[in-house]
Amino acid sequence: YSLPDKAQKSGILAPVRTVGDDGWSGIALYNPNDKEVEVTFFAYDGSGRELAKVTKGIAAYRNIIGLPGDIFAGMKIDGITHIRYQADSGVFGVLIDYSQSGADSESIEMLPTLEVPAE
């Protein structure tokens, strides 16, 4: 596992799964800057429809870690498949994916942020 080679102002965290019997996804963003960074998170379903949007601050040299339900607390995110973020300064992001495919078979992967295509 390694972080992307540069902090990014935007990225996509995918695939996202909500807590269930077969696993879960967690989100981690780290602010390497010497000032607070404001980050807006967008939750999408498989058809690309925006389900929810929330803005959070990340203090200098700190991180935000949580499940999608924590990030979008109190919002309806049924069917979420991916999260896009937009920050006012570069951050490092990863998706933590835990899966269990049987009583004795489990894995944890850390997936780096995907780049948002240029418009």
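These legends describe close-up views of a predicted model.

The model is predicted; local features need pLDDT of at least 70, side-chain atom pairs count only at pLDDT 80 or more, and totals for chains, interfaces and linings use all residues. Residues are numbered from 1 along each chain as its sequence is written, and side-chain values use heavy atoms, with hydrogens and water left out.

**View 1. The protein has one helix and seven strands.** Helices (H or I, at least four residues) and strands (E, at least two) are DSSP runs, numbered from the N terminus. From the N terminus on, the order is β-β-β-β-β-α-β-β. Of the 119 residues, 40% count as buried. Buried means under 20% relative accessible area, exposed over 50%, and partly exposed in between (1.4 Å probe, protein chains only). Contact means heavy atoms within 4.5 Å. Among contacts between residues at least 6 apart in sequence, 68% join residues at least 24 apart.

**View 2. Strands S2 and S5 run antiparallel.** S2 covers residues 23-30, and four bridges join S2 to S5. Two strands pair if DSSP finds at least two bridges between them. Tyr-30 stands opposite Asn-63 in S5. In a regular strand the side chains alternate between the two faces of the sheet. Strand S5 (residues 63-66) shows such alternation. Ile-64 and Gly-66 point to one face and are buried. Asn-63 and Ile-65 point to the other face and are not buried.

**View 3. Trp-24 and Tyr-98 form a stacked aromatic pair.** A search of the whole structure finds one aromatic pair. In this pair, Trp-24 and Tyr-98 lie 5.5 Å centre to centre, with 25° between the planes. The partners are 74 residues apart: Trp-24 in strand S2, Tyr-98 in strand S6 (residues 80-102). Rings of Phe, Tyr and Trp (its six-membered ring) pair if their centres lie within 6.5 Å; planes under 30 degrees apart count as stacked, over 60 as edge-to-face and the rest as tilted. Trp-24 counts as partly exposed because its relative accessibility is 29%. Tyr-98 counts as buried because its value is 14%.

**View 4. Arg-17 reaches Asp-97 through a polar contact.** Arg-17 sits in the loop between strand S1 (8-13) and S2. The side chains of Arg-17 and Asp-97 are joined at 3.1 Å. A polar contact is a pair of N or O atoms within 3.5 Å; within protein, one must be able to donate a hydrogen and the other to accept it, and residues adjacent in sequence count only if both atoms are side-chain atoms. The C-alpha atoms of Arg-17 and Asp-97 are separated by 8.1 Å, although the residues are 80 apart along the chain. Arg-17 has a relative accessible area of 24%, so Arg-17 is partly exposed. Not counting residues up to four places away in sequence, Arg-17 touches several residues, including Trp-24 and Tyr-98.

**View 5. Ser-89 in strand S6 contacts Lys-35.** A polar contact of 2.9 Å joins the two side chains. Ser-89 counts as buried because its relative accessibility is 11%. Leaving aside neighbours within four places in sequence, Ser-89 is also in contact with Gln-8, Lys-9, Asn-33 and Val-37.

**View 6. The largest nonpolar core holds 22 residues.** Ile-27, Leu-29, Val-39, Phe-41, Phe-72 and Ile-83 touch the most other members. S6 gives the most to this core, with six residues. A nonpolar core is a set of buried Ala, Val, Leu, Ile, Met, Phe, Trp, Tyr and Cys residues joined through side-chain atoms within 4.5 Å.
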